[in-house]
Every structure is written in structure tokens, then in C-alpha cells.
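Reader: Hello! Could you walk me through this protein, one question at a time?

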Amino acid sequence: MFSKKKITMAYTVEQCTKCGMQVKRKFEEGDILFVNTTKCVSCDGLSMIEKIFGESVDQ
Ligand SMILES: [Zn+2]
């Protein structure tokens with residue numbers, strides 16, 4: 001049996017299409033792969049959702 005309770009957190013990784021800067025953040029409802037979303041934090045390019053993944057973390 002599992003001694004620790006584990007939950008799966010969903011994360012979204014955004015990558016700037018201009019400078020390649022990657023930002024990992026918590027998944028938000030409505031996130032869709034390969035869609036331009038937010039403005040890059042280090043240049044004036046646009047960040048695109050590069051991947052969405054789940055990660056098990058200890059509760
Ligand atoms: Zn950038």
C-alpha cells in the first residue's frame with residue numbers, strides 16, 4: 001500500500017518563439033498545445049505552449 005498520499009499536478013511549459021525562453025507554470029483550464037498565449041518575460045516575443053505534463057508530488 002502507499003504510505004504517502006500522492007497527487008498529480010498538471011504543468012504547462014511555455015516557450016518563447018523568439019528567444020527560446022522557457023517558463024514552467026501550473027496548468028490552467030483552457031491551455032491548448034501550440035497556441036500563442038502570453039508575452040515573453042524577457043523579450044517582446046510571444047510564448048507558445050510547448051508541452052503540458054503531469055507530475056506526481058507528495059501531499
Ligand atoms: Zn522571448
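Author: Happy to; the questions below go through this predicted model.

Reader: Which protein atoms are the donors of the zinc ion?

Author: Look along the chain for the spacing C-x2-C-x20-C-x2-C, which the donors of the zinc ion follow. They lie 2.3 to 2.4 Å from the ion. The donors are Cys16 (SG), Cys19 (SG), Cys40 (SG) and Cys43 (SG).

Reader: What is the geometry of the site of the zinc ion?

Author: The site has 4 donor atoms, with angles of 103 to 118 degrees among them. Four donors count as tetrahedral if all angles lie between 85 and 135 degrees. The site is therefore tetrahedral.

Reader: How many residues apart are Cys16 and Cys40?

Author: Cys16 is in strand E1 (residues 6-16). Cys40 sits in the loop between strand E3 (36-39) and strand E4 (46-58). The pair links distant parts of the chain, and the two are 24 residues apart.

Reader: Is Cys19 buried or partly exposed?

Author: Buried means under 20% relative accessible area. Cys16, at 4%, is buried, and so is Cys40, at 8%. Because its relative accessibility is 43%, Cys19 counts as partly exposed.

Reader: How many disulfides does the structure hold?

Author: A disulfide needs a pair of cysteine sulfur atoms within 2.5 Å. The count for this structure is 0.

Reader: What is the area of the nonpolar surface patch that includes Leu33?

Author: Leu33 lies in the loop between strand E2 (22-26) and E3, and is partly exposed at 39% relative accessible area. Phe27, Phe34 and Ile52 join Leu33 in making the patch. Its area is about 360 Å².

How values were computed:
Residues numbered from 1 in each chain as written. Predicted model: local features only at pLDDT ≥ 70, side-chain atom pairs only at ≥ 80, totals over all residues. Heavy atoms only, no water. Donors = N, O, S within 2.8 Å, 3.2 Å for Na, K, Ca; no water. Tetrahedral: all angles 85-135°; square planar, octahedral: opposite > 155°, others 65-115°. Helix = DSSP H or I, 4+ residues; strand = E, 2+ residues; numbered from the N terminus. Buried < 20%, exposed > 50% of the residue type's maximum accessible area, 1.4 Å probe, protein only. Patch = residues over 30% accessible without salt bridge, like charges linked within 9 Å, V, L, I, M, F, W, Y side chains within 5 Å. Areas by Shrake-Rupley, 256 points an atom, 1.4 Å probe, with all protein chains shown as cover. Salt bridge = Lys/Arg side-chain N within 4 Å of Asp/Glu carboxyl O.
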